[in-house]
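Biologist: I'm new to this one, so could you walk me through how to read it, feature by feature?
Modeller: Happy to. Let's put it on the screen and start where the chains meet.

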Protein chains: 2
Amino acid sequence: MARSAKTGRSNGPTLRDVAGRAGVSAMTVTRALRDDPRVSPETRERVLAAVAELGYRPNAVARSLRLGRASGLVGLVVTNLANPFYSRLALGLDSVVGEHGLKTVIGNTGQDLDAERDLVADLVTRRVDGIIAVPAEADQRHLAAAAAQGVPVVCASRPPSGFEADHVLVDDFGGAKDATERLIAQGHRRIGFLGPPAAVYTSTERLRGYHAALADAGLPADDRHVRQGAQDTADAAHAAAELLALHDPPTALFCSNNRNTIGAVRAAGPDVALAGFDDFELADMLGRALTIVAYDSDELGRAAGRLLVDRIHQTPESTAAPRRTVLPTRPLHYGG
Amino acid sequence: MARSAKTGRSNGPTLRDVAGRAGVSAMTVTRALRDDPRVSPETRERVLAAVAELGYRPNAVARSLRLGRASGLVGLVVTNLANPFYSRLALGLDSVVGEHGLKTVIGNTGQDLDAERDLVADLVTRRVDGIIAVPAEADQRHLAAAAAQGVPVVCASRPPSGFEADHVLVDDFGGAKDATERLIAQGHRRIGFLGPPAAVYTSTERLRGYHAALADAGLPADDRHVRQGAQDTADAAHAAAELLALHDPPTALFCSNNRNTIGAVRAAGPDVALAGFDDFELADMLGRALTIVAYDSDELGRAAGRLLVDRIHQTPESTAAPRRTVLPTRPLHYGG
DNA sequence: CTGTTAGCGCTTTCAC
DNA sequence: GTGAAAGCGCTAACAG
């Protein structure tokens with residue numbers, strides 16, 4: 001019954017409908033709604049009443065268009081939201097940008113670079129206020145293009161490559177070195193490495209850390225003990241089994257992310273020592289010793305959000321130097 | 001150098017800039033871009049060249065405004081994206097709506113009804129094409145209001161209350177009854193119940209299933225053995241410990257979601273039998289018997305996405321009757 | 001095959 | 001204190 005639009009459209013009441021109802025002009029309605037001090041209390045009253053009666057909802061799309069930029073959206077580009085690591089990142093990000101009236105648009109690319117390219121282009125088209133990306137690979141020309149078009153870009157977990165941008169990293173090298181050193185301190189001399197494909201920045205950094213620990217201890221690096229490529233736990237279990245089936249198998253494994261650690265847990269008996277990057281739920285309930293290098297993935301999202309918000313609130317062309325945040329890791333030991 | 005906007009704004013080239021460059025009108029550019037058959041190949045060629053040279057990106061905001069509805073966004077309202085259950089739902093949803101050119105805007109409410117209200121209002125303001133919600137509580141007037149304003153709403157995991165809407169449910173009652181029956185079949189006669197607050201629909205449905213199984217077996221229902229309220233694993237472990245400290249403690253526990261099951265795993269020794277709703281990673285590696293009632297949470301998101309897409313593609317006022325999808329559960333047994 | 005006109009809903013600018 | 005005009009970038013609806 002309260003559905004009387006002149007046009008017969010299904011589009012809800014507009015500012016002018018409210019204005020008509022309240023007997024004022026459209027301008028006055030905007031002002032009243034935005035608490036402009038120079039509207040008389042009486043008028044404001046009437047406007048608010050009309051708004052309530054009509055069930056008026058401002059149209060953020062129109063507002064955004066008029067204002068030029070500022071859709072009030074930030075785009076999040078991740079490879080796999082099912083990985084708790086990314087969902088926590090998303091949560092941390094959303095909590096920070098939410099405080100600034102921004103909403104998060106998620107885009108899941110499933111490790112597919114083409115999908116990532118399309119997604120970024122689409123986000124630019126939608127005039128998002130900024131983009132947070134965990135780039136799948138080193139080819140980031142699509143992100144560079146977005147940045148060049150004036151969309152603030154923040155890289156999370158991996159650095160920008162081929163262009164400059166704010167980014168938040170984890171101390172991949174240090175954490176991996178620390179974990180490997182702990183295995184060495186336990187007396188292990190043949191230590192395997194399990195990780196995702198070499199194209200993934202974090203994997204390669206963590207491999208560097210592993211190698212550095214071996215080198216510092218004067219241990220030889222054996223390529224046969226390094227397996228890069230496992231993206232999920234099944235792959236990882238398979239790779240771990242292969243390593244352990246060598247004639248001189250490693251006596252310990254360092255796993256460079258939680259997918260690989262969980263795969264290794266499934267494949268390796270309790271006699272094989274395990275250390276891994278990334279904490280995960282129930283790591284303490286597996287009935288075996290486990291050394292974990294942990295970090296705060298919510299904080300990764302929050303830090304990225306803060307960098308992005310700062311950048312958004314900057315004047316368009318005041319190109320401050322890109323900022324980098326590196327999050328520390330901390331070692332955990334789950335008892336057997 | 002390629003940044004010559006009349007207005008001096010920082011807003012990138014517009015359709016008219018492209019038109020000028022290509023020596024045609026704005027209309028022709030739109031047509032060329034949307035593959036309208038009645039533009040000559042030559043003209044299209046020139047337009048595309050101009051687009052490339054200028055780095056033109058269409059403005060989806062302007063398009064959306066012009067087209068009336070259709071922001072190309074769907075809103076997702078969940079309580080806790082860190083729960084794998086919700087992140088998978090998000091993923092399933094995004095995969096389905098993505099096929100229709102829609103993006104997902106996430107909103108995490110943290111169980112806060114006020115936050116949920118604000119979020120829904122904001123999504124309506126942004127003119128999302130539809131909303132998928134996992135309502136935190138039975139008070140859903142904000143969702144009803146959105147639906148009344150013509151925004152398609154789909155409820156996931158919980159039914160709409162106080163209004164009509166498409167929804168996707170899990171067979172909460174049947175699954176809980178099944179799990180409880182399995183404990184009974186193992187010979188247990190004092191079975192505890194652990195779940196989130198009674199305000200959560202699924203918890204109450206699953207409690208009904210638990211009670212039905214007891215009744216069918218002629219077992220008495222003992223209120224002291226029912227604990228509703230635990231939202232996280234720490235709460236749940238605490239509640240489980242309390243149950244097991246009674247003078248006539250239950251010999252088995254049915255846990256109505258994965259948070260509660262994990263809490264119970266931490267609190268209960270191997271002598272206590274455990275059954276739980278929701279599968280979770282590593283459930284098979286805990287070194288104890290565990291009966292799980294599982295369902296496909298990706299599919300929950302996909303099904304919700306399909307209902308929403310259907311509804312969006314409908315004519316505005318053809319109010320087809322609300323549809324309901326119920327997903328089956330399947331029992332799993334992890335060995336001890 | 002291509003162009004002109006008009007307007008989506010809002011807000012900035014300038015009058016009154 | 002309030003209003004009228006103009007236009008953000010795009011696209012239906014009509015010309016030609």
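Modeller: One idea first: two strands pair if DSSP finds at least two bridges between them. Keep in mind, too, that this is a predicted model.

Biologist: Okay, so how many bridges join strand 2 of chain A to strand 2 of chain B?
Modeller: Three, and the two strands run antiparallel. Look for A:Val105 there: B:Val105, in strand 2 of chain B, stands opposite A:Val105.

Biologist: How do I read the way the two chains are arranged?
Modeller: The general idea is that two copies of a chain are related by a rotation about an axis and a shift along it. Here, a turn of 180° with a shift of 0.0 Å along the axis lays chain A on chain B, with an RMSD of 0.1 Å. That is how a two-fold axis relates its copies.

Biologist: Which residue of chain A comes closest to the rotation axis?
Modeller: A:Val105 again, with its C-alpha at 2.2 Å from the axis.

Biologist: And how many residues of the two chains are in contact?
Modeller: People often give the size of an interface as the accessible area lost when the parts come together. Here we have residue counts: 45 residues of chain A are in contact with 45 of chain B. On the chain A side, the elements that give two or more residues are helix 4, helix 5 (84–98), strand 2 (103–108), helix 6 (113–125) and helix 11 (258–267). By class, that side has 19 nonpolar, 16 polar and ten charged residues. The copies meet through the same surface, because 100% of the interface residues of chain A are also interface residues in chain B.

Biologist: Now the DNA. Which residues are closest to DNA strand D?
Modeller: A:Thr28, A:Arg66, B:Leu15, B:Asn59 and B:Ala62 are the closest of the 23 that surround DNA strand D. Two or more residues come from each of helix 2 (26–33) and helix 4 (60–66) of chain A, and likewise from helix 2 (26–33) and helix 4 (60–66) of chain B. Helix 4 of chain B gives the most, four residues. The classes near DNA strand D are ten nonpolar, eight polar and five charged.

Biologist: What about DNA strand C, which element gives the most there?
Modeller: Helix 4 of chain A, with four residues. DNA strand C is surrounded by 23 residues, and the closest are A:Leu15, A:Thr30, A:Asn59, A:Ala62 and B:Thr43. Helix 2 and helix 4 of chain A, together with helix 2 and helix 4 of chain B, are the elements giving two or more residues. The split near DNA strand C is eleven nonpolar, eight polar and four charged.

Biologist: How do I read which side of a helix faces inward?
Modeller: An α-helix has 3.6 residues a turn, so residues three or four places apart point the same way. In helix 2 of chain B, the buried residues are B:Thr28, B:Val29 and B:Ala32. Seen down the helix axis they fall within an arc of 100°, so they line one face of helix 2 of chain B. Those buried residues pack against helix 1 (15–22) and helix 3 (41–54) of chain B.

Biologist: Is A:Ala50 buried or exposed?
Modeller: Buried, because A:Ala50 has 21 C-beta neighbours inside 10 Å, and 20 is enough to count as buried. A:Ala50 belongs to helix 3 of chain A. Leaving aside neighbours within four places in sequence, A:Ala50 is in contact with A:Val18, A:Arg21 and A:Ala22.

Biologist: Last one: how should I read a positive phi?
Modeller: Most residues other than glycine have a negative phi. A:Ser157 has a positive phi, near 75°. A:Ser157 sits in the loop between strand 4 (153–156) and strand 5 (166–170) of chain A, and is buried, with 24 other C-beta atoms within 10 Å.

Biologist: Where is B:Leu282?
Modeller: In the loop between strand 9 (273–277) and strand 10 (290–294) of chain B. Phi of B:Leu282 is also positive, near 75°, but B:Leu282 counts as partly exposed, with 18 C-beta neighbours inside 10 Å. One further case is B:Asp35, just after helix 2 of chain B, with a positive phi of about 55°.

Note on methods. Residues numbered from 1 in each chain as written. Chains lettered and ligands numbered in written order. Predicted model: local features only at pLDDT ≥ 70, side-chain atom pairs only at ≥ 80, totals over all residues. Near = placed C-beta within 6 Å. Nonpolar A, V, L, I, M, F, W, Y, C, P; charged D, E, K, R; others polar. Contact = placed C-beta atoms within 7 Å. Buried ≥ 20, exposed ≤ 12 C-beta atoms within 10 Å, placed from the backbone. Arc of directions from axis to C-beta. Least-squares fit on C-alpha atoms with pLDDT ≥ 70 in both.
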